[in-house]
Amino acid sequence: MTDAARNYSDTLFLPKTDFPMRAGLPQKEPEILARWQKLDLYQRLRAAARGRAKFILHDGPPYANGNIHIGHALNKILKDVVTRSQQMLGFDSNYVPGWDCHGLPIEWKIEEENYRSKNKEKPNLSHPHAMIEFRKECRAYAQHWLEVQREEFERLGVEGDWDHPYTTMDFAAEAQIARELMKFAQNGTLYRGSKPVMWSVVEKTALAEAEIEYEDYVSDQVWVKFPVRSCLADESQASNVLTTASILIWTTTPWTIPGNRAISFSPKIAYSLYEVVEAPAGNWAKPGDCFLLADKLAVDVFQHARVTKFNRLESVASEKLAMLHCRHPLKGFASDYAFDVPLLAGDHVSDDAGTGFVHTAPGHGREDFDIWTANSNILAERGINPVIPYTVDENGAFTDHAPGFAGKRVLTDEGEKGDANDAVIKALIDAGMLIARGRLKHQYPHSWRSKKPVIFRNTPQWFIAMDKPIAAAGGAVNASDTLRNRALAAIAVTRWVPEQGENRIRGMIESRPDWVISRQRAWGVPITVFVREKGDGTVEVLNDARVDARIAEALEREGADAWYQPGARERFLGELANEDWQKVDDILDVWFDSGSTHAFVLEDPAHFPSLAGITRKRDGGPDTVMYLEGSDQHRGWFQSSLLESCGTRGRAPFDVVLTHGFVLDEDGRKMSKSLGNVTAPQDVIRQSGADILRLWVCASDYADDLRIGPEILKTTVETYRKLRNTIRWMLGSLAHLRDEDHVALAQMPELERLMLHRLVELDRLVRQAYADFDYKRIFAALNAFMTSELSAFYFDIRKDALYCDPISSTTRKACLTVLDHLFRATVTWLAPMLPFTAEEAWLARHPAAEGSVHLERFPEVPSEWRDDALAERWRRVRNVRRVVTGALEIERAHQRIGSSLEAAPVIFVSDPELFAAVVDVDFAEVAITSAYTLVEGEGPPEAFRLEDVKDVAVVVQLAQGKKCARSWKILPSVGSDPAYPDVSPRDAQALREWEAMRKAAE
């Protein structure tokens, strides 16, 4: 071989792969999806996992209304990472997707699209046929969006039983929801009550806490006088001034004054009697007026009342306050309001704002209702009528229970302020009962659907009692066995991720009122009970097993429409039809629907055979059930599911609850079309691919709010590119691995054993982090390992051996063996997070018509690969290497060298212990130079050093010798083999073996 110009590239073992550098995910991912569908991957996963312990992620159902948004994408991607990773950890990890299909938003859409937009009159839903036809329209609408969303969710790469999802509108589901309701009727916790509930005038229905959001709102605020009428104590103990004084209240809802029945105070607050001394002419608060106020708030009140001087006359004890009765400020208006207004002690009263007294309208506030009913005995003793008036109707208009104001609107049909406030304020002014008024901007409850304010109004609704003892099957009652206590006990034995979720939901359960489960709408599961009035406003609920069975069987066959068919009452009551039982026409709150999903999904093997046989750990089995949703679901689905299951089964339906934050734009703002800062998942997939979205999710801290936008996605794409190129290089190098090339651990060089040691460490980290659902930790570890330790260190060092060593080289074979392990580990570890890319890479390495990386389990990494002493030695080696590479960069920057192969660094190590640790390391190989010299000593002053690596100095010298035409190393030995005069001896041997291999193949 004398041709010095020979091109040796065809003799090098350069990477060869069809795995492209440019991912082309928007085009490639649909092909992979189609392959999974053809492969029936979901059923193959079930078959592969048969007999393993089950890990069930029970889907919190999204609402079947509109295209998915970025929050949906975050949620579904997290769920998919959970199920895929648990499967690869060795569980039978099953995911059945579901949809919430009933409820007001769909009714609204039907009314808008099918009626209002076409100027058609909405059907009269009091007619059975009209009701059933309207419900059919709602069902069709939900089914349409279910199909749209299913396709969008699948496009994210979410693996599940998409051919057999659950929906709350399935006939079997509707029947089971009705059965669950009947269980509450049977255990005595279901009741019809009259309570103030949050009511949407726009939507004409009661709303649950989960349907409320708080927004800025400008309210009228008024300070109102309640003149003291009498003191029930010995009159000699009551000062003359006190009986001529007025108690002041402050409210931001003047329209509730007609519903006032009491004033609340706190025994913990210091109160006094104050006299107005000076005030402007014509002022509402006049000199000589005496007012009862909280001491802490007196100055603030008089400032609002424009009182320029006042005196504190005397303190008033809480015992005396409890004996006072006031007259209503509207007494005489419309010849009414002549009743006494008592003072009641309440824990909810504070002196943070207002007057220290709270105007109490039991029909318009939860605390007002509670304190009124809690004092029913006292009210009766004082001769006060305890009946709570219905002052406002479903349209937000005053009824005749608000004399003089009937017809005035609190809110209009559009949710705007009506004329009720002005009418009440005028009446108070005319009566001389107002001392100040103004406006206040504050947080006020709004419907999350209509975005309009809600009101508290007293309505007959259906409730599930939180504190009533639950009756056992035989009728026995344990006073402490209440729904609240059951729920709190269940919270304590549930795993919450993150842990602070436990305190959040515990606080909500501790303070929540009875569960309002009724809605006055059409599209939903009806409250399938019969009642008869008792004459005192309460009802008796029919508990008859025969009737319940007829209802459930009919709903199973025909769906909930059966309840609205003509003759339904007689059909279901049967022999009881001649009694005075009445059919309830309210529907169930959709939170009760979704809270019951565990009953008709996890416990229904007939419809969901893949979920059959779940035996949870608390039942002595091996199986786990997880719920995963956004953090707002502590007051939504998590809570309704907890209450429903605890009420009917005595325990939570879940073992693990994971919550995630919300998605904001790059600046931390809420996304809004008006701001133009919306990131749509469909756009990201179209431009970059679903794996980019998934990488963004897994790299983020989902426990907090996440941010997304163009710059964040650009960074994500760049991160993905580096990971993909690392995988591509492994695939290309592994193209040269033959079965006979595998090398045993004992024969491997230290560098290969170091990489295997790192796999042991990473295996432990990855498995634990997947078990802890800590995906950002996994991604950070794998990203650092693959880009810094593999690409920038191990691969860089081993390229020379892989490309240029003889075929027989143990180093080359050992490297290929390790690359095989590295590929299998990293690609399977990444598979739950990047399922499309992992599948593409896996099939490039292991092409098989029916193969899939997702049918694999995480590889078992042998414990004997662990070598802590070796890792410590190489930690030191890498520190020395950093000094060498730093010195080489300086030389390159000054253009004294081009490639590092032009250098032969002299490495000075002054620490004897460090010198002994690295003396036998080939730093020419490790630092990718042609030669090196290791010297024990300090090194000259001009040598390169790093502050954080003590005792190491480097002087870079030029390599001596000739440049090898094949490996480009500069060595004195180049040309020593006469047959190959332009290459090194190592490369000459490689060429002999390469030529022999070529001839053998001919």
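Biologist: Which residues of helix H11 are buried?
Modeller: The model is predicted. Helix H11 covers residues 420-430. An α-helix has 3.6 residues a turn, so residues three or four places apart point the same way. The buried residues of H11 are Ala420, Asn421, Ala423, Val424, Ile425, Ala427 and Leu428.

Biologist: Which strands are included in what covers the buried residues of H11?
Modeller: Contact here needs heavy atoms within 4.5 Å. The cover includes two strands, spanning 212-231 and 434-447. They are strand E7 and strand E16.

Biologist: Which residue just after H11 takes a positive phi?
Modeller: H11 ends at residue 430. Just after H11, a phi of about 70° appears. The residue is Gly432.

Biologist: What volume does the second largest pocket have, and which residues lie nearest its centre?
Modeller: The volume is about 1100 Å³. The lining counts 34 residues. Nearest the centre lie Thr252, Val358, Gly365, Glu367 and Asp368.

Biologist: Which elements each supply at least two residues of that pocket's lining?
Modeller: By class, the lining of the second largest pocket holds 14 nonpolar, 15 polar and five charged residues. Strand E16, which helps cover H11, is among the suppliers. The full set is E8 (246-251), E15 (358-360), helix H9 (366-374), E16 and E17 (455-464).

Biologist: Is His757 buried or exposed?
Modeller: His757 sits in helix H22, residues 750-771. Leaving out residues up to four places away in sequence, His757 touches Trp865, Arg866, Asp867, Asp868 and Ala871. Buried means under 20% relative accessible area. His757 has 0% relative accessibility, so it counts as buried.

Conventions
Residues are numbered from 1 along each chain as its sequence is written. This is a predicted model: local features need pLDDT of at least 70, side-chain atom pairs count only at pLDDT 80 or more; totals for chains, interfaces and linings use all residues. Side-chain values use heavy atoms; hydrogens and water are left out. Buried means under 20% relative accessible area, exposed over 50%, partly exposed in between (1.4 Å probe, protein chains only). Helices (H or I, at least four residues) and strands (E, at least two) are DSSP runs, numbered from the N terminus. On a 1 Å grid over the protein atoms alone, a cavity is a set of points where a 1.4 Å probe fits but cannot get out, and a pocket is an open set with protein on both sides within 12 Å along at least five of seven lines; lining residues have an atom within 4 Å of a point. Grid points are joined across faces, edges and corners, and a volume is the space filled by probe spheres set on the points. Ala, Val, Leu, Ile, Met, Phe, Trp, Tyr, Cys and Pro count as nonpolar, Asp, Glu, Lys and Arg as charged, and the others, Gly among them, as polar.
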